[in-house]
Amino acid sequence: MPLFRYKALSTAGETLEGHMEAASADEVVVRLQEQGYLPVDARRSDAAGAGEGWLNLFRRKEFGDEQVLQFTQQLATLLGAGQPLDRALGILLDLPEGAAARRVIERIREAVRAGAPLSTALEQQHGAFSRLYVNLVRAGEAGGNVHESLRRLADYLERSASLRGRVVNALIYPVILVVMVVASVGFLMAVVVPQFQTLFESMNAELPWYSEAVLQASLFVRAWWWLLALAAVAGGVLLASQLRRPQARLALDARLLRLRYVGDLAARMDTARLARTLGTLVRNGVPLLSALNLSRPVLSNRVLAAAVEAAAEEVKTGSGLGYALGRQKVFPRLAVQMIQVGEESGELDTMLLKVADTFDRETGNALDRLMAALVPALTIFMTAVVAVIILSVLLPIYDLTNAIG
C-alpha cells in the first residue's frame, strides 16, 4: 500500500502530523475521523505521489473554482427555499455544462442517498472541495443550518475570487510590458545591431567604447542565444526547487515583508485572507483554535503563516487572539486593534469580517497606486534601453558622415 502523509486537529485544537499506509487519501481521512480527529490534509509521500503532483499541474480539474462557487450559490439558494438536499442536488445535475462537473454532482447525490452527510460526500470528491469548505459545511450540519453555512461560504469564495482577480488583472499590463522589453531588446541585439558590424568594419571606423560594447554584446546574443535561454530555464528550475525548501521559502518571504511597498501590500493581502477565513469559520461555529489551524494554509507568506501558528499556541494557553497576533509583530496594527475590539465586545466574527473588508479595500487602493507608479517606470525603462542601443549605433554613423562630408 502507498504511504500517505497526513495532518489533523485533535479535539483540543492541537496539530497532529504523521504517516499512514492506506489505499487512498479518502481512506486516511476516514480512519482519522474514526479516531476522533479532524483531517486537514492527506497526500502521498512517496515518489509516485510526487509524480502525480507534477501531473496534476497539467490535469484539468473536474470541478474548477468557478464551478465550486456556482454550485455553492445554487445549492444555498435551493436549500434556503426549502428544497430537500436530494432534490436540490438533482436539480443541480442539469445546470453544469461539462460532463465532468455533472459526474461530481452525481457522485455527491449518490453518497447522500446512501446515507452519508453532505460534508462527507464533498470530502470524497478527490480534492474538488477544500478542507476549509468541508469543515464549514460540517459545522453547518452540526448547527442545523447548512444553507446558511453555504450562503456564507459562497460569499467567502466570491470575495476571495474577487481579490485574487483584482491582483491578477493589475499584473497583466506590467507583465506585457516586461515581455515587450525583453522581445524588443532581443530583436535589436540579435537582428538589427549585427547588421552594422560589417559596415563599420568596411569603413575601418574607430568606434567609441559604448558602441563597441553594444556591438560585442549583440554578437554574443546572436551566437549564444540558446545558452542564454538555457540559463534562464535553469535559473527558473533552480529558483522553483529552492522555493520548495521550507527554510529558503521562509527567508525569501521574510525579505519580501521588509520591502517598503511590496512588503506592506503582501501583508495587507494576507491579512485580508486570514481575517475573512477566520471570520467565516468562527461565524459558522468552528472553535477558534480549529479555525486558526484551518486558516493558516490560505496565507501565501510563510512568515505570516508561522506567526499564526505561534499565535494559536498562545491562544491555547488562554491569551486573546488580538493580543497573540500583536505579539508576533508582523500583522498590521489596525487589524490587531480591530480584532481586540471585537473580542472585548463579544463580536469577534463580525469584526474579523470588517477587518477583511477594510484590508480588501486597502489592498485594492495600494495595488492601484503601485501600478500607477510601476507602469510609467517600466515604459521609461523600455524607452531608455532601446534609445541607448539605437544611439550607440547611429551616433558613429553620424560622425562618419560628417567626416566624409
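Start by selecting Phe-71: at 2% relative accessibility, this residue counts as buried (under 20% relative accessible area, with over 50% exposed and partly exposed in between, using a 1.4 Å probe and protein chains only). The model is a predicted one, where local features need pLDDT of at least 70, side-chain atom pairs count only at pLDDT 80 or more, and totals for chains, interfaces and linings use all residues. Residues are numbered from 1 along each chain as its sequence is written, and side-chain values use heavy atoms, leaving out hydrogens and water.

Next, add Phe-129, buried at 5% relative accessibility. Its ring and that of Phe-71 make a tilted aromatic pair, 5.7 Å centre to centre with 55° between the planes (rings of Phe, Tyr and Trp, the last by its six-membered ring, pair if their centres lie within 6.5 Å; planes under 30 degrees apart are stacked, over 60 edge-to-face, the rest tilted). Because Phe-71 sits in helix α3 (residues 65–80) and Phe-129 in the loop between α6 (118–123) and α7 (131–143), the pair ties together parts 58 residues apart in sequence (helices are DSSP runs of H or I, at least four residues, and strands of E, at least two, numbered from the N terminus).

Now bring in Tyr-133, buried at 2% relative accessibility. Ring pairs link Phe-71, Phe-129 and Tyr-133 into a cluster.

Finally, widen the view. The largest nonpolar core has 74 residues, of which Phe-71, Ile-108 and Phe-129 touch the most other members (a core is a set of buried Ala, Val, Leu, Ile, Met, Phe, Trp, Tyr and Cys residues joined through side-chain atoms within 4.5 Å). Helix α17 (residues 348–404) gives the most to this core, with 9 residues.
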